[in-house]
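Colleague: Could we walk through this structure together? I would like to learn how the words we use for it are earned.

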Amino acid sequence: MSAPEQIPPAQQISPAQQRKTLRAVGVGVRYGGVVANEDVSITVEPGTIVGLIGPNGAGKTTFVDALTGFTKCVGEIRLGDERIDGLPPHRRRRAGLSRTWQSGELFASLTVAENILAAAHPMRPAMIWKDLFTRHHDDAARVERVLDMVGLPGAGGLKAGDLALGQQKLVGVARAIAGGCDIMLLDEPAAGLDSAESVQFAERIREIVKLGPGALLIDHDVAMMLSVCDTIYVLEFGRLIFQGTPDEARNDPAVIAAYLGVPMEVQDA
Ligand SMILES: Nc1ncnc2c1ncn2[C@@H]1O[C@H](COP(=O)(O)OP(=O)(O)OP(=O)(O)O)[C@@H](O)[C@H]1O
């Protein structure tokens, strides 16, 4: 029997100091006459969670699409020192910017490991032959490492469609970080979960960023966002109306008026 493969512990994955910061400056997107994003500037440091909140139609998904190259935009987007706004989506991914999708993205009939490997191996013709000979050797360790990171150790052999919804969401995150990433863009990754599950999910994201990557997190659960994020940005009609800490957001009149609503004590007065 061969010796078990040495699996590097998740903690040995590149720490935040070795990862790249995402800087978007003056991003603008128009769909015909609709201004979906206007002059949006955001910084996401590795090892931190940056929250992007705003009402339906505020332009949050459009901004993620602009960052990842799925929609055309004006402005400047940098990952570390590299300017990436001229690159196609797969090259931005390779540069270290990954995303999850609002609609979910798993292949239900494949195993968790197969789902992760499908995301981890970009289809580059030049790599196909190399993959054929090296893939099996590295893959088990790679899968187990990301499953450790997202808190699903040993789940690689399970069918993705058989997992509970919260676990499927975590596999989505595992797919985003599988090929290595500096910053992950998580567009409503907790959609469909109840409040308690959302909080658990967010706590797991907090654990993941401690291991190095940064996260731009979008969610409508404002209480959860204010409790888990390091920095909050608020979008309204495509424009940023606020940037600051969760505490500052709770007390900002513009944020309260546009998004959080009138505080209970004011209503009661
Ligand atoms: N492909 C598109 N073509 C035309 N208009 C679009 C397109 N995608 C988005 N929009 C419009 O751009 C604006 C921003 O939409 P977007 O989906 O980015 O908002 P959002 O904040 O992500 O909303 P939600 O919270 O509902 O997901 C909306 O007015 C929307 O109707």
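Modeller: Happily! Let's begin with one word: a residue is buried if 20 or more other C-beta atoms lie within 10 Å of its own. Keep in mind that this is a predicted model.

Colleague: With that in hand, why is H1 called largely enclosed by the rest of the structure?

Modeller: Because 8 of the 9 residues of H1 are buried, the helix is largely enclosed by the rest of the structure. The buried ones are Lys-60, Thr-62, Phe-63, Val-64, Asp-65, Ala-66, Leu-67 and Thr-68. Right after H1 comes Gly-69, with a positive phi near 90°.

Colleague: What makes Met-224 buried?

Modeller: Met-224 has 20 other C-beta atoms within 10 Å. The cut-off is 20 or more, so Met-224 counts as buried. This residue sits in helix H7, which covers residues 222-228.

Colleague: Which residues does Met-224 touch, leaving out those up to four places away in sequence?

Modeller: Met-224 touches Ser-198, Val-199, Ala-202 and Asp-219. Contact here asks for C-beta atoms within 7 Å, so each of these four pairs meets that limit.

Colleague: Now the ligand. Which elements each supply at least two residues of the shell around it?

Modeller: Strand S2 (34-44) and helix H1 (60-68) do. H1 gives the most, with 3 residues. Among the residues around the ligand are Tyr-31, Val-34, Gly-57, Lys-60 and Thr-61.

Colleague: How do the residues of that shell divide into nonpolar, polar and charged?

Modeller: There are 4 nonpolar, 6 polar and 1 charged. Gly counts as polar in this scheme, so Gly-54, Gly-57 and Gly-59 belong with the polar residues of the shell. Lys counts as charged, so Lys-60 is the charged one.

Colleague: And how is the protein divided into domains?

Modeller: Domain 1 takes in 19-96 + 182-261, while domain 2 is 106-180. Their C-alpha centres lie 25 Å apart. The contact takes 16 residues from domain 1 and 12 residues from domain 2. On the side of domain 1 that touches domain 2, helix H2 (89-95), strand S7 (183-187) and helix H6 (195-210) each supply at least two residues. H6 provides the largest share of that side, 6 residues.

Colleague: To finish, how many helices and strands does the protein have?

Modeller: The protein has 10 helices and 10 strands, and buried residues make up 41% of its 269 residues.

How values were computed. Residues numbered from 1 in each chain as written. Predicted model: local features only at pLDDT ≥ 70, side-chain atom pairs only at ≥ 80, totals over all residues. Near = placed C-beta within 6 Å. Helix = DSSP H or I, 4+ residues; strand = E, 2+ residues; numbered from the N terminus. Buried ≥ 20, exposed ≤ 12 C-beta atoms within 10 Å, placed from the backbone. Contact = placed C-beta atoms within 7 Å. Domains from an automatic or database assignment.
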